[in-house]
Amino acid sequence: MDLPNTITSAVTHARTRIRQRIAILWHFAYRVQYSLGQYRVRYGSITLFGVLLLLVSASIYLWPSFQAILEAYYATEAGVQGLQALLLNTGAALIGAAAIVTSLVLFAMQVNIERMPYGLFRRLSADPKLLGAFAGAFLLAISVTALSTFVEQSMLALVLLSAVWSVLFVLVLFMYAYRRALVLINPLQQLQLLIHDTRRGLRLWARRAERAKPLFQDGEETRAEPRSTDSTHDIARANYFQINHHWATEAMRGIRHTISFAHRYAEQGDYEVSAEALDAVVAINAAYIEAKGKTFYTDPLFFHDPRSRDAVINHTLESVRQNMQTGITRRDEQQIKQSLLTMAVLAQLYHGIDYSRPHAAKSHAHLAAGYLANAVQTVVPHDMADVLLEGQRLMGRTAQYLLACGEVNDIATLVDRIAVIACTGCAKEDYRPVTLEGMTQLANLTFDLLRSKSRDIRFAVDNVGRNAAAISKLFLASPDPPLSNTHGTYLGPYYSSTSVESLRFRLATLVNAVSKEPSDNADAQAVIGNIERWADGLHKTAKELLLTAVGAKSNFTIAMIQWITGVTDILLAVSTAPACLSHTQKQLRRHAQWLIATLTWIPDDKESVKFVEGFQLTEALFGAAMDAHERGCDEVSEEIANYLMSWTFKGGRDINGWGVLERGLCACAALALVARDVDVEALKTAIHARVQGDGAPDQEVLEHAARGLRERAGRLWDVDMSSRIDLALSQLDHRTLAPLLDGIASILSDQSDD
């Protein structure tokens with residue numbers, strides 16, 4: 001073994017180990033530092049108070065020893081007089097210092113909070129803790145002066161210890177007052193004080209209402225077994241609050257003050273404070289809802305209940321709207337975004353209100369969601385694409401929250417507004433990311449609806465689908481350059497088949513998970529039922545979009561072809577899941593047939609055929625038929641094979657460079673051998689009928705296809721790996737396939753000879 005290399009390796013290993021140990025020590029030091037910091041924040045004041053109490057107790061315990069020492073030191077009358085003069089001068093100095101510190105601190109504090117709302121200014125200027133600290137300092141300073149009159153030989157220890165501790169506590173109170181003043185002029189701490197005071201006031205009213213309950217009870221026995229439809233409102237509390245209608249004044253004042261904070265600091269560019277102020281609005285509303293308890297009312301169906309109007313909630317939403325309007329006027333995007341976020345959070349907060357009645361409409365949450373939708377739409381004319389993107393995300397997040405809480409049909413307003421705002425990208429190129437985000441939110445909502453446990457998603461999922469199709473049709477009217485895929489890019493979240501974040505990819509993942517569940521899994525059955533409801537009528541919007549894309553000669557056509565065939569395969573896959581009921585299975589396969597049949601509606605003019613076949617429609621139909629066969633759906637596979645035959649003769653009517661007739665007949669032959677148990681005679685009969693029927697290709701086209709089929713029969717080993725048709729042909733028995741292709745070529749040649 002080479003000794004130098006061994007030494008070098010050992011040194012390198014030792015250095016590595018040392019670095020690792022040092023890194024571990026640093027990590028341990030950081031953890032200790034963090035733990036100490038947390039301890040100081042949580043228990044620093046308690047620890048300081050404990051230390052001071054311990055020192056005072058120790059001084060009391062050592063009192064006799066101090067007394068003996070001081071008697072020996074101040075044995076003469078001159079010494080006692082000197083101590084008396086010292087205490088007198090020290091007390092006078094402390095009184096002067098207390099006056100100066102009080103004046104300076106209060107002046108500095110008032111200067112810093114002079115622009116605050118009047119009510120909050122009074123609250124902070126007259127802070128009892130701060131004034132109490134200064135009062136305590138004055139009293140202690142005076143007590144030091146007063147101690148000079150009690151200086152006697154028998155009381156030296158008491159006087160001196162009292163003076164020392166008074167001086168120390170004066171210094172502690174000065175430090176506390178300074179820190180308290182810093183807290184009071186800190187806007188974040190001011191907001192916390194405001195929240196604390198508002199919560200305390202609301203809880204006080206809640207306790208008063210609870211104590212007043214016996215005054216509103218008639219003494220009758222309540223129903224022993226209440227029905228599930230009975231109201232559980234707290235009538236006594238509601239009556240108490242109605243009599244004392246000013247009980248919510250504290251909440252209204254707190255909201256005004258916090259909105260004032262948000263206005264002021266947003267104008268100064270301090271968005272951290274403005275965000276905290278809007279968070280305080282949410283906190284005050286949460287405290288208000290807790291205090292009001294089970295006294296909220298909602299409008300019954302087709303009627304209006306005056307008790308459903310809540311002044312605090314209305315004031316909150318209107319104040320936040322005005323804050324956002326101010327941001328629009330100043331073109332302050334951060335202020336607008338913060339206001340929109342607050343509306344979204346309030347909508348979620350109001351959704352948790354207990355209306356004391358089963359299946360009660362969440363009217364206040366809907367009101368907040370409406371404010372959010374209107375606010376986002378208000379931004380559209382002001383050229384703020386980033387704000388619109390954030391607004392759409394917030395609307396989508398709010399709708400998802402409503403879905404998670406089981407409110408399926410309550411998302412209709414948000415879905416409609418998301419679609420309206422997404423359409424702005426169709427008219428303005430700078431807003432195209434808004435269209436992308438809108439399609440993303442609609443795809444997310446569709447996926448969440450399919451996963452929902454609700455069994456009544458038909459209206460909601462149809463509404464989302466219609467809006468997605470409407471956006472797509474409008475966006476397809478915009479130009480799509482030949483070398484780009486603008487339409488596919490911005491409509492991709494819903495209709496893409498290549499992105500892992502698209503609806504189709506996530507739907508395939510969901511179906512794979514459902515297919516692994518046993519037949520008695522209720523959740524899997526619910527998901528399958530939702531997919532069936534979503535697929536019902538899906539072919540209508542798919543057909544409209546496909547024809548629009550073909551008419552516009554858009555590259556989005558390939559996305560629609562792939563989406564149609566892909567979703568067809570997904571529907572067939574979920575129909576074979578163990579948890580799929582027989583009735584649902586029939587419906588899913590019928591929806592799959594109708595969806596794939598939309599590909600037969602493509603116009604048969606030469607330009608359209610050439611354009612569509614450029615996206616390999618023949619390959620797509622063949623792949624869909626093969627997938628259906630592999631999943632055991634032979635009836636669907638046979639139906640798709642008929643669609644393929646129809647397209648073969650419709651698209652192969654002219655020589656367009658794609659060889660539609662030749663490739664289509666090869667695909668039909670492969671399907672006959674693979675999917676239909678060597679039913680070649682039926683295939684030949686169908687081809688012969690097509691050749692002799694109306695609209696058959698010309699003789700030149702038939703002869704050209706016949707030559708191509710014979711050439712293909714002679715080189716079956718030549719495989720194009722990118723073509724699923726070629727792969728299928730290469731895997732079949734060539735001794736059976738070659739005669740079949742020659743026979744089909746003979747049918748075409750015979751017709752051309754005729």
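Trainee: Which residues form a nonpolar patch on the surface?
Mentor: In this predicted model, the patch consists of Ile 18, Ile 22, Trp 26 and Tyr 30. Together they have about 460 Å² of accessible area (Shrake-Rupley method, 1.4 Å probe, only the protein chains shown counting as cover). Patch residues have over 30% relative accessible area and no salt bridge; nonpolar side chains (Val, Leu, Ile, Met, Phe, Trp, Tyr) are joined within 5 Å, like charges within 9 Å.

Trainee: Where is Trp 26 found?
Mentor: Trp 26 belongs to helix 1, residues 3-61 (a DSSP run of H or I, at least four residues, numbered from the N terminus).

Trainee: Changing topic, how many salt bridges does a search of the whole structure find?
Mentor: The search finds 20, each a side-chain nitrogen of Lys or Arg within 4 Å of a carboxyl oxygen of Asp or Glu.

Trainee: What does Arg 321 form a salt bridge with?
Mentor: Its partner is Glu 318, with the closest N and O atoms 2.5 Å apart. The two are three residues apart in helix 12 (residues 311-330), so about one helical turn separates them.

Trainee: And Arg 330 with Asp 332: is Asp 332 buried or exposed?
Mentor: Asp 332 is buried, at 5% relative accessibility (buried is under 20%, exposed over 50%, partly exposed in between; 1.4 Å probe, protein chains only). Arg 330 is partly exposed at 34%, and the closest N and O atoms of this salt bridge are 3.0 Å apart.

Trainee: Which helices hold Glu 437 and Arg 393?
Mentor: Glu 437 lies in helix 18 (residues 432-451) and Arg 393 in helix 15 (residues 385-404), so their pair ties together parts 44 residues apart in sequence. Their salt bridge spans 3.7 Å, N to O.

Trainee: Which residues are linked in a network of salt bridges?
Mentor: Glu 210, Lys 213, Asp 234 and Arg 237 are linked in this way.

Technical notes: Residues numbered from 1 in each chain as written. Predicted model: local features only at pLDDT ≥ 70, side-chain atom pairs only at ≥ 80, totals over all residues. Heavy atoms only, no water.
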